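Subject: Structure for your review

Dear colleague,

Please find below the structure that I am handing over to you. My account of what was found in it follows.

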Amino acid sequence: MEHSWKAECRSNDELIYTLRSYGLVKSKRVEAAMRAVDRGHYSTDPDQAYCDRPHGIGCSQTISAPHMHAMCLELLLDHAVPGAKVLDVGSGSGYLTAIPELVEWGTNNIRKDSPQLLEKRVVEIRNVDGWEGVKDEAPFDAIHVGAAAATLPQPLVDQLRPGGRLIIPVGRDDQELLQVDKQADGSIVQQRVLGVRYVPLVPGLAQ
């Protein structure tokens with residue numbers, strides 16, 4: 001993606017304010033959620049934590065740019081509601097909650113930022129194959145995938161509840177962010193959101 005703007009911020013509040021001023025954070029719920037989760041706790045680089053760009057977190061993985069997190073949250077806003085069951089695939093940092101080495105780090109990040117999420121089992125991190133999802137916990141009201149699948153993973157589609165929504169980047173060289181909605185009768189409606197650039201989805205990346 002190309003933008004005519006840059007967000008070079010020094011705090012989480014400044015970052016969210018900037019994303020809102022550019023119209024990327026639109027709803028009060030997404031704004032409140034992003035203000036409540038300090039991105040600095042999920043970054044390996046303090047100088048990059050509040051800049052609107054992706055950066056590495058180890059194991060050839062990245063934490064996505066904040067504007068992509070905001071966009072995906074807005075797209076899932078009506079599905080990730082209180083009481084909903086949500087699957088986040090590929091969140092190695094734990095931010096929008098993995099490779100074995102990232103599971104402990106992601107868990108510690110959440111424990112540092114919002115320990116009650118783990119204590120009350122609101123969030124559970126698993127080291128499983130992200131392509132296959134988490135069948136024993138399905139169906140899900142919302143699924144977010146933070147890495148690009150070469151093709152749309154059918155198991156993730158199958159694990160959507162009727163009325164649920166999947167947001168996923170798909171493609172190799174030419175990637176696009178897809179919105180996949182499962183209708184009440186089980187039929188699937190796909191919609192292209194925009195062109196994107198993500199690291200590949202590899203086995204072992206799911207929460």
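A residue is called buried here when its relative accessible area is under 20%. Please keep in mind throughout that this is a predicted model.

With that cut-off, helix 3 is a suitable place to begin. Its buried residues are P66, H67, M68, H69, A70, M71, C72, E74 and L75. That is nine of the ten residues of helix 3, so this helix is largely enclosed by the rest of the structure.

What does helix 3 touch when it packs on the sheet? Helix 3, which spans residues 66-75, is in contact with strand 4 (140-145), strand 5 (160-170), strand 6 and strand 7. The direction of helix 3 makes an angle of about 20° with that of strand 6.

The sheet itself is open and consists of five strands in the order 3-4-5-6-7, and its pairing is mixed. At its edges lie strand 3 (86-89) and strand 7 (188-196), each of which pairs on one side only. On average, and with direction ignored, neighbouring strands of this sheet are turned by 10° against each other. As general background, the strands of a sheet pair through backbone hydrogen bonds, in either a parallel or an antiparallel manner. Here, strand 6 (residues 175-182) pairs with strand 7 in the antiparallel sense, over eight bridges. One example involves Q175, whose bridge partner in strand 7 is V196.

The next topic is the nonpolar cores. In soluble globular proteins, nonpolar side chains tend to be buried together. The largest nonpolar core in this model has 18 residues. Those with the most contacts inside this core are L87, V89, I143, V145, L156, L166 and I168. At least two residues of the core come from each of strand 3, strand 4, helix 6 (154-158), strand 5 and strand 6. Strand 5 gives the most, namely four residues. There is also a second, separate core of 13 residues, which includes L19, L24, V30 and L77.

I turn finally to charged side chains. Side chains of opposite charge can pair when their charged atoms come close. How many salt bridges does a search of the whole structure find? The search finds nine, and three of particular interest for this message are described below.

- R20 and E31 meet through their side chains in a salt bridge, at 2.8 Å from N to O. Because R20 lies in helix 1 (residues 12-21) and E31 in helix 2 (residues 28-36), the pair ties together parts that are eleven residues apart in sequence. R20 is partly exposed, with a relative accessible area of 33%, whereas E31 counts as buried at 17% relative accessibility.
- R165 and D181 form a salt bridge in which the closest N and O atoms are 2.6 Å apart. R165 belongs to strand 5 and D181 to strand 6, so this pair ties together parts that are 16 residues apart in sequence. Both R165 and D181 are buried.
- K85 and E137 form a salt bridge with their closest N and O atoms 3.7 Å apart. K85 counts as partly exposed at 32% relative accessibility, and E137 also counts as partly exposed, at 28%.

The pair R20 and E31 also belongs to a wider arrangement: D13, R20, E31 and R35 are linked in a network of salt bridges.

Yours faithfully,

A colleague

Key: Residues are numbered from 1 along each chain as its sequence is written. This is a predicted model: local features need pLDDT of at least 70, side-chain atom pairs count only at pLDDT 80 or more; totals for chains, interfaces and linings use all residues. Side-chain values use heavy atoms; hydrogens and water are left out. Two strands pair if DSSP finds at least two bridges between them. Axes are lines fitted to C-alpha atoms, for helices over the stretch in contact, and angles run from 0 to 180 degrees between N-to-C directions. Contact means heavy atoms within 4.5 Å. A salt bridge is a side-chain nitrogen of Lys or Arg within 4 Å of a carboxyl oxygen of Asp or Glu. Buried means under 20% relative accessible area, exposed over 50%, partly exposed in between (1.4 Å probe, protein chains only). A nonpolar core is a set of buried Ala, Val, Leu, Ile, Met, Phe, Trp, Tyr and Cys residues joined through side-chain atoms within 4.5 Å.
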